[in-house]
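User: Hi! I have a protein model open and would love to learn how to read it. Could you take me through it step by step?

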Amino acid sequence: MSAILLSASASFAVFAGAEPNTHQIIIQGGEYIPAELTIQVGDTVQWINKDFIPHTATAQDEAQQVLWDTGNLNKGDSAEVQFTEVGLSEYICLYHPVMKAQITVEAVL
Ligand SMILES: [Cu+2]
């Protein structure tokens with residue numbers, strides 16, 4: 001039975017490029033790490049706050065309407081956002097607007 005499971009996961013890995021992935025961004029020292037990330041449409045990004053102070057990851061349009069938002073992340077908290085549209089998504093921390101980062105969402109080839 002375990003041999004069958006191993007075989008199944010191995011073949012899944014071959015096609016991993018076409019499957020949605022989850023990417024992690026660490027928030028530490030008042031920075032998003034990595035600050036620039038490229039993903040494929042349909043992928044999910046998970047932010048994890050390792051600072052003692054709360055942060056958010058929040059994207060807003062030019063009228064400051066929220067496009068997506070992790071909400072408040074206290075130390076140790078995490079939140080996920082799935083990206084379903086191709087394009088560049090810049091985001092900030094609502095509490096510390098000097099914290100800036102970006103995600104580039106590419107079409108699945
Ligand atoms: Cu912050």
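User: Let me start with a small detail: which residue stands opposite Q60 in β6?

Analyst: Good place to begin, and keep in mind that this is a predicted model. Strands of a sheet pair through backbone hydrogen bonds, either parallel or antiparallel. In this model, the residue opposite Q60 is V66 in β6. The two strands involved, β5 and β6, pair in the antiparallel sense over three bridges.

User: What lies between those two strands in the hairpin?

Analyst: The hairpin of β5 and β6 has five residues between its strands, and Q64 there takes a positive phi near 65°. In general, most residues other than glycine have a negative phi. Q64 is not a glycine, and its phi is positive. You can find Q64 in the loop between β5 (58–60) and β6 (66–69).

User: Is Q64 buried or exposed?

Analyst: To decide, we count C-beta atoms around the residue: 12 or fewer within 10 Å means exposed, and 20 or more means buried. Q64 has 7 C-beta neighbours inside 10 Å, so Q64 counts as exposed.

User: What about the peptide bond from I33 to P34?

Analyst: Most peptide bonds are trans. The bond from I33 to P34 is cis, with omega near 0°. To locate P34, look at the loop between β2 (31–33) and β3 (36–40).

User: Now let me zoom out. How many helices and strands does the protein chain have?

Analyst: The protein chain has one helix and nine strands. Reading from the N terminus, the elements run α-β-β-β-β-β-β-β-β-β.

User: In what order do the strands sit in the open sheet of four strands?

Analyst: The order within a sheet is read strand by strand, across the sheet. Here it is β2-β1-β4-β7, with mixed pairing. The edges are β2 and β7 (78–82), each of which pairs on one side only. On average, neighbouring strands of this sheet are turned by 25° against each other, direction ignored.

User: Which pairings make up that mixture?

Analyst: Let's walk across the sheet. Strand β1 (residues 22–28) pairs with β2 in the antiparallel sense over three bridges, and I26 stands opposite I33 in β2. Next, β1 and β4 run parallel and are joined by six bridges; here I25 faces W47 in β4. Then β4 and β7 run antiparallel, with five bridges between them, and Q46 has E80 in β7 as its bridge partner.

User: Which side chains of β4 point to the buried face?

Analyst: When you look along a strand, check which way each side chain points. In β4 the side chains alternate: V45, W47 and N49 point to one face and are buried, whereas T44, Q46 and I48 point to the other and are not.

User: Where do buried nonpolar residues come together, and which ones form the largest core?

Analyst: The largest nonpolar core has twelve residues, among them I25, I27, V45, W47, A57, L73, F83 and I103. Strands β1, β4 (44–49) and β9 (100–106) each supply at least two residues of this core. Try clicking on W47: leaving aside neighbours within four places in sequence, W47 is in contact with I25, I27, A57, T70, L73, S78 and A79.

User: Why is I103 called buried?

Analyst: I103 is buried because 25 other C-beta atoms lie within 10 Å. I103 is found in strand β9. Beyond its neighbours within four places in sequence, I103 is in contact with L37, I39, V45, F83 and S89. You can also check a distance: the C-alpha atoms of I103 and G87 are separated by 8.3 Å, and these residues are 16 apart along the chain.

User: Could you give me a contrasting case: where is G71, and is G71 buried or exposed?

Analyst: G71 sits in the loop between β6 and β7. With 11 other C-beta atoms within 10 Å, G71 is exposed. Leaving aside neighbours within four places in sequence, G71 is in contact with T56 and A79.

User: What share of the protein chain counts as buried?

Analyst: Of its 109 residues, 16% count as buried. As for contacts between residues at least 6 apart in sequence, 49% join residues at least 24 apart.

Technical notes: Residues numbered from 1 in each chain as written. Predicted model: local features only at pLDDT ≥ 70, side-chain atom pairs only at ≥ 80, totals over all residues. Pairing = 2+ DSSP bridges. Axes fitted to C-alpha atoms, helices over the stretch in contact; angles between N-to-C directions. Core = buried A, V, L, I, M, F, W, Y, C linked by C-beta atoms within 7 Å. Contact = placed C-beta atoms within 7 Å.
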